[in-house]
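Trainee: I am new to looking at protein models. Could you walk me through one, feature by feature?

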Amino acid sequence: MSLPVIRTGRLEVRPVASGDLPAISAQIGEFDVAKMLAVVPHPYTLEDAQGWFEQSWVRQADGARNFAIDNGTGLIGVVSLGRPVETPNFGYWLGKAHWGRGYMSEAGRAALGWLFAATETQTVVSGALDENTASLNVLSKLGFETAGPYTLAIRSRGQDLPGTRMKLTRTAFLSAAGDAP
């Protein structure tokens, strides 16, 4: 299944392209971004971005779904809907310069809307570090509900840290989307 280009009020949510790799490495390369992500090393180099991109395209045969978030100036973050398994994982990050503007809620709503419209997926899981209240708020805005505590191994910090696992059902998302302005 090929990924669409989804246009929202302010964003284009589109497949990640090789030309996005310098922006990916620069933005994830900021420690304030990397320190909230489980599998990201710090420092994060262009070679790391290239390795992720090549791996994501290899996995695309299994349906890996990675969307670039583009605000018209180029990539500012990524939304991942994981592989098409019974309960895919919703992952995301946004460059620090773009925090606090509602971009992640907008992009997440678009990507999840596509997922629930294009597939039979009934439940999606996600989570965030307990210290990352902004990320937990994004998940709540999208309709995710707390599923319980869990521990995240944060590679950039070399630590296992407490997090909150969350889940979203198709019904909850569609209800939340119906309430959105």
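**Reading a fold step by step**

Mentor: Let's start with a helix and the strands it covers: H4 lies across E1, E2, E3, E4 and E5, and its direction is at about 40° to that of E4. Keep in mind that this is a predicted model.

Trainee: In what order do the strands of that open sheet of five come, and how do they pair?

Mentor: The order is E1-E2-E3-E4-E5, and the pairing is antiparallel. At the edges are strand E1 (6–7) and E5, each of which pairs on one side only. You can zoom in on one edge: E1 and strand E2 (residues 12–15) are paired in the antiparallel sense over two bridges. Ile6, for instance, has Val13 in E2 as its bridge partner.

Trainee: Back to the helix, then. Is Glu106 buried or exposed?

Mentor: Glu106 belongs to helix H4. With a relative accessible area of 15%, Glu106 counts as buried, because the cut-off for that word is under 20%. Setting aside residues up to four places away in sequence, Glu106 touches Thr8, Gly9, Arg10 and Leu11.

Trainee: How should I read pairs of aromatic rings?

Mentor: The general idea is that such a pair is described by the distance of the centres and the angle of the planes. In this model the count comes to four aromatic pairs. Take Phe67 and Trp114: their ring centres are 5.6 Å apart and their planes meet at 75°, so this pair is edge-to-face. The two residues are 47 places apart in sequence, with Phe67 in strand E3 (residues 66–70) and Trp114 in helix H4 (residues 103–118), so to speak a link between distant parts of the chain. Both of these residues, Phe67 and Trp114, are buried.

Trainee: What kind of pair do Phe90 and Tyr92 make?

Mentor: Their ring centres lie 5.2 Å apart with the planes at 40°, so this pair is tilted. Phe90 is buried, with a relative accessible area of 2%, and Tyr92 is buried too, at 14%. Together with Phe144, Phe90 and Tyr92 form one aromatic cluster.

Trainee: And what else does Phe144 contact?

Mentor: Not counting neighbours within four places in sequence, the contacts of Phe144 include Phe90, Leu112, Val124, Val125, Ser126 and Leu139. Met166, Lys167 and Leu168 are also among them.

Trainee: How do I find a nonpolar core?

Mentor: In soluble globular proteins, nonpolar side chains tend to be buried together. Here the largest nonpolar core has 31 residues, and those touching the most other members are Phe67, Ile69, Val79, Leu81, Phe90, Leu112 and Phe144. At least two residues of this core come from each of E3, strand E4 (75–80), E5, H4, E6, H5 and E8. H4 supplies the largest share, nine residues. There is also a second, separate core of 15 residues, with Val33, Ala49, Leu75 and Trp93 among its members.

Trainee: How can a helix have a buried side?

Mentor: An α-helix has 3.6 residues a turn, so residues three or four places apart point the same way. Look at helix H5 (residues 133–141), where Ser135, Leu136, Val138 and Leu139 are buried. Viewed down the axis of H5, the buried residues fall within an arc of 155°, so they line one face of the helix. Thr133, Ala134 and Lys141, on the other side of H5, are exposed. The cover over the buried residues of H5 includes strand E5 (91–94), H4, strand E6 (123–129) and strand E8 (159–169). Just after H5, Gly143 has a positive phi of about 105°.

Trainee: Which strands make up the open sheet of three?

Mentor: That sheet has the order E6-E8-E7, with antiparallel pairing. Its edge strands are E6 and E7, each pairing on one side only. On average, neighbouring strands of this sheet are turned by 30° against each other, direction ignored. H5 packs on the sheet and touches E6 and E8, with its direction at about 160° to that of E6.

Trainee: How many bridges join E6 to E8, and how many join E7 to E8?

Mentor: Seven bridges join E6 to E8; Ala128, for example, stands opposite Thr164 in E8, and Ser126 opposite Met166. Strand E7 (residues 145–154) is joined to E8 by nine bridges, with Leu152 and Leu161 as one pair of bridge partners. E7 and E8 form a hairpin with four residues between them, and Gly158 in the turn has a positive phi of about 65°.

Definitions and conventions:
Residues numbered from 1 in each chain as written. Predicted model: local features only at pLDDT ≥ 70, side-chain atom pairs only at ≥ 80, totals over all residues. Heavy atoms only, no water. Phe/Tyr/Trp six-rings, centres within 6.5 Å; stacked < 30°, edge-to-face > 60°. Buried < 20%, exposed > 50% of the residue type's maximum accessible area, 1.4 Å probe, protein only. Arc of directions from axis to C-beta. Contact = heavy atoms within 4.5 Å. Core = buried A, V, L, I, M, F, W, Y, C linked by side-chain atoms within 4.5 Å. Pairing = 2+ DSSP bridges. Axes fitted to C-alpha atoms, helices over the stretch in contact; angles between N-to-C directions.
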